[in-house]
Each structure stands twice: as C-alpha cells, then as structure tokens.
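This report introduces a protein structure to a reader who has not met it before. Please look over the sequence and the model before reading on.

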Amino acid sequence: MDSMNQPRSDPKRARRIGISLAILALGLGIWGATTFQRTAERVRGDPGLSYRNPEALDKVLARGDAAERAGDRGSAIVAYRFIIAVGAGTNPELQNYVAAARRGLTRLGVEPPP
C-alpha cells in the first residue's frame, strides 16, 4: 500500500484522549461511590425507604389480603403492620394503602397502631 494514503497516528493526541478518559472514569467512579454511600446511609437511617412507593405497598397489601383469605392470620397481621409502619405520615399517595391495612387489622380483631 501507498504510505501516503495511510492516516498518521498522533501520539500526543492519543495521550490527551487517554488522560481525558482516565480522568472521566476516575470522576465517575468517585461520583458513583459517594452516591452509593449516601444512599446506604439513608437506608440505614430509614429501613422502609426502599418500600415507600405505591408498587411495593400494593404487593405487600396483596400478600396480606391473600394471607387473610387463606386463614394465615399471622402473615396477614405482619403485612398490614408493615404497611402502616412504612407508609404512615408520608406521601399522601400512600395513605390509601395505610387505610386498607388498618381495615385489615380491624377485620382480624387487632388494634391498629396510632
């Protein structure tokens, strides 16, 4: 092949790109580590944080209802109490789940927590 048609590699340019990518990777690693650490601290301080959303509470409520229908009183009580503990006093969107859990405990003859 003709050497005139070959693109020339520029070692200085390659070095700059390599250093830039290394700095970017280091920055992303530091950002990821600090974000992970902050999230871990928040979850340690508030264990219910990851369950405080409608999708999670809907699943737990369904499990509680299924346990109640199956006659598994203990599992139903645990599920309903969990919903009340996680959802009480938080997002208004979650109050329907808390109210349903309170009704479930009442049906089971258990006094709902305040």
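What follows describes a helix packing, a pair of charged side chains and a surface patch in this model, which is predicted.

The helices that come up below are listed here with their residue ranges.

| Helix | Residues |
|---|---|
| H1 | 11-45 |
| H2 | 54-70 |
| H3 | 73-87 |
| H4 | 95-107 |

Helices H3 and H4 pack against each other at an angle of about 145°, and their axes lie 9 Å apart, while the crossing in which H3 passes H4 is left-handed. On the side of H3 the contact is made by Ile77, Tyr80, Arg81, Ile83, Ile84 and Gly87, and H4 contributes Gln95, Tyr97, Val98, Ala101, Arg102, Gly104, Leu105 and Arg107. By character, the residues of this contact comprise eight nonpolar, three polar and three charged ones.

Arg107 of H4 also takes part in a salt bridge with Asp65, in which the closest N and O atoms are 4.0 Å apart. Because Asp65 belongs to helix H2 and Arg107 to helix H4, 42 residues apart, the pair links distant parts of the chain. A search of the whole structure finds two salt bridges.

Elsewhere, Ile17, Leu21, Leu24, Leu28 and Trp31 make a nonpolar surface patch of about 540 Å², and Leu28, one of these residues, lies in helix H1.

Conventions:
Residues numbered from 1 in each chain as written. Predicted model: local features only at pLDDT ≥ 70, side-chain atom pairs only at ≥ 80, totals over all residues. Heavy atoms only, no water. Axes fitted to C-alpha atoms, helices over the stretch in contact; angles between N-to-C directions. Helix = DSSP H or I, 4+ residues; strand = E, 2+ residues; numbered from the N terminus. Left-handed = near helix turned anticlockwise from the far one by under 90°. Contact = heavy atoms within 4.5 Å. Nonpolar A, V, L, I, M, F, W, Y, C, P; charged D, E, K, R; others polar. Patch = residues over 30% accessible without salt bridge, like charges linked within 9 Å, V, L, I, M, F, W, Y side chains within 5 Å. Areas by Shrake-Rupley, 256 points an atom, 1.4 Å probe, with all protein chains shown as cover. Salt bridge = Lys/Arg side-chain N within 4 Å of Asp/Glu carboxyl O.
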